[in-house]
Amino acid sequence: AEQTKTTASQIIMTLMKMGVMANINQNLDEDTVVLLAEEMGIQVAIGKVKEEVEEEGIESFEDKEEDLKPRAPIITVMGHVDHGKTSLLDAIRKTNVTAQESGGITQHIGASEVEINGQKIVFLDTPGHEAFTAMRARGAHATDIAVLVVAADDSVKPQTLESISHAKAAGVPMIVAINKIDKPGANPDVVKSDLANNGVLVEDWGGDVISVPVSAKTGEGIVNLLEMILLQSEVLELKANPNRLALGTVLEARLDKAKGPVASLLVLNGTLKAGMSIVAGTCSGKIRRMTNHKGETLRQAGPATAVEVLGLTEVPHAGDVFNAVKDDRLAREIAENRQLKLREEVLARNSSTTLEELFSQIQEGEVKELNLIIKGDVQGSVGAIVSSLEKLSNDKVRVKIVHTGVGTVNESDIMLAGTSGSIIIGFNVRPSTAVSAIAEREGIQIRTYRVIYDIIDDVENAMKGMLDPEF
Ligand code: GDP
């Protein structure tokens with residue numbers, strides 16, 4: 001209650017409405033906390049449990065309020081293909097006066113820093129919800145705000161909707177950039193109304209989502225967009241503690257013939273210093289050299305700073321979480337233990353949800369929510385499926401539609417299913433062999449149907465534990 005600025009009685013009341021009788025001294029399990037947060041519109045970040053991290057030997061503590069300093073926001077740009085994500089990022093970098101003044105060639109290190117009104121904003125260089133969700137799937141929560149780019153002459157399209165679902169599932173606030181307003185066919189009002197029809201209410205429509213008309217081509221509105229990002233981040237009160245061992249995420253990594261493994265790191269908390277020992281995923285090493293986006297050597301990098309480092313013994317994965325630790329030996333030990341654990345996990349995989357397993361998971365209290373992604377050939381049938389399925393919710397399990405879309409099941413659906421623990425339902429659509437293979441590898445169930453009634457029947461039966469196992 002303290003952290004969310006509500007009262008204990010409000011929380012207890014909400015829990016009661018959810019059918020959970022709790023008193024003020026009681027501990028809640030993770031699932032209940034997630035449900036509760038959702039019910040109350042609070043964002044929760046579930047990372048590695050503190051004890052688990054401490055067990056590995058990584059410094060872990062709650063930063064004290066007085067140690068926290070404001071930090072720059074970190075932004076990911078998302079949206080439909082060709083709506084101008086790349087152009088917008090270019091236009092934003094060009095607006096950056098300080099970069100122009102210094103005249104230096106900027107190095108690609110996975111993120112760009114922009115300064116406006118003396119304040120810094122960090123943009124991740126890889127646009128798209130795929131990159132965003134792939135990173136989250138590896139445990140990196142490196143986006144504070146998603147900028148949703150929608151072309152004013154094309155309005156809301158399938159990947160716009162995918163982006164919305166991904167941002168919502170992650171609990172990351174959105175700002176809409178209505179792009180291409182220089183074009184003759186541009187109609188921002190259509191964009192706003194289409195967004196409203198898809199659950200995103202911009203301010204003109206009485207909602208709280210900021211929208212900004214821009215042109216990546218002429219540069220119109222870009223400064224305004226940056227100012228709105230600052231405004232939104234002020235609301236988020238982003239803070240970090242510069243005086244602790246650094247932690248963050250790997251943005252990119254590659255093997256350089258001459259330099260060895262090269263990794264771009266985004267520091268999220270703490271300060272990274274040259275010479276420090278770090279663990280990144282299952283890799284470790286000591287930072288030999290650290291450079292910024294101008295190619296300048298840095299001795300240290302504080303929160304919300306992207307740097308390129310040399311010194312890791314292997315190439316980590318993009319999206320891996322990294323931690324600075326007290327010495328090299330500990331870094332190596334942690335990395336080796338993680339490698340062992342990973343091997344065990346790969347062997348033991350096969351634990352994700354299927355409709356067949358749903359009932360036993362409900363019985364064991366493991367599942368309180370059935371997350372579904374619905375893809376169909378036409379909007380009408382998708383809508384019908386959603387409303388019928390939502391009606392199946394009961395006091396034990398709630399049917400939650402994580403994402404819907406018209407078109408075949410694609411890789412983005414699989415990733416979203418992976419991070420949200422969803423089952424995918426396809427109506428009159430079939431995944432390609434490639435997508436089926438990915439789903440199998442990731443342990444995601446895709447069920448395809450030709451009759452709506454069969455879907456409802458299967459889900460209903462699964463909830464009662466009466467699903468025919470021979471599907
Ligand atoms: P992405 O696929 O979302 O990254 O889109 P791109 O940035 O590659 O842009 C797709 C196309 O739209 C390119 O031909 C751009 O030149 C064009 N484009 C992007 N933004 C604008 C804009 O504001 N106005 C106009 N007229 N064209 C734009």
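This section describes two sheets, the helices that lie on them, a set of salt bridges and a nonpolar surface patch in a predicted model.

The six-stranded sheet is open and follows the order S3-S4-S2-S5-S6-S7, and its pairing is mixed. Its edges are formed by strand S3 (111-116) and strand S7 (210-213), each of which pairs on one side only. From one strand to the next, the twist of this sheet averages 30 degrees. At the S7 edge, strand S6 (residues 174-179) runs parallel to S7 and is joined to S7 by four bridges; within this pairing, alanine 177 has valine 212 in S7 as its bridge partner. Two helices that pack on the sheet may be described together. Helix H7 (residues 158-170) touches strand S2 (74-79), strand S5 (145-151) and S6, and the direction of H7 makes about 165 degrees with that of S5. Helix H8 (residues 188-197), in turn, touches S5, S6 and S7, with a direction at about 145 degrees to that of S6.

The four-stranded sheet is likewise open, with strands in the order S18-S17-S19-S20 and parallel pairing. Strand S18 (398-406) and strand S20 (446-449) each have a single partner strand, so that one side of each of these edge strands is left without a neighbour in the sheet. The twist here averages 25 degrees from one strand to the next. Strand S17 (residues 369-376) and strand S19 (residues 422-427) run parallel and are joined by six bridges, and lysine 375 is placed opposite glycine 426 in S19. Helix H12 (residues 379-390) lies across S17, S18 and S19, and runs at about 175 degrees to S18.

The structure contains 17 salt bridges, among them one between arginine 71 and aspartate 144, whose closest N and O atoms are 2.9 Å apart. This pair links distant parts of the chain, since arginine 71 belongs to the loop between strand S1 (69-70) and S2, whereas aspartate 144 belongs to the loop between helix H6 (129-137) and S5, 73 residues apart. Arginine 71 is buried, with a relative accessible area of 18%, and aspartate 144 also counts as buried, at 12% relative accessibility.

A salt bridge within the four-stranded sheet is formed by glutamate 369 and arginine 398, with 3.0 Å between the closest N and O atoms. Because glutamate 369 lies in strand S17 and arginine 398 in strand S18, the pair ties together parts that are 29 residues apart in sequence. Glutamate 369 counts as buried at 17% relative accessibility, while arginine 398, at 34%, counts as partly exposed.

Within helix H4 (residues 85-95), aspartate 90 and arginine 93 are three residues apart and are therefore separated by about one helical turn; their side chains meet in a salt bridge of 2.9 Å, N to O. Both residues are partly exposed, aspartate 90 with a relative accessible area of 33% and arginine 93 at 31% relative accessibility. Asp90 and Arg93 are further linked with Asp125 in a network of salt bridges.

On the surface, Met13, Met16 and Met21 form a nonpolar patch, which together has about 330 Å² of accessible area. Of these residues, methionine 16 lies in helix H1 (residues 8-17) and, at 39% relative accessibility, counts as partly exposed.

Note on methods: Residues numbered from 1 in each chain as written. Predicted model: local features only at pLDDT ≥ 70, side-chain atom pairs only at ≥ 80, totals over all residues. Heavy atoms only, no water. Patch = residues over 30% accessible without salt bridge, like charges linked within 9 Å, V, L, I, M, F, W, Y side chains within 5 Å. Areas by Shrake-Rupley, 256 points an atom, 1.4 Å probe, with all protein chains shown as cover. Buried < 20%, exposed > 50% of the residue type's maximum accessible area, 1.4 Å probe, protein only. Pairing = 2+ DSSP bridges. Axes fitted to C-alpha atoms, helices over the stretch in contact; angles between N-to-C directions. Contact = heavy atoms within 4.5 Å.
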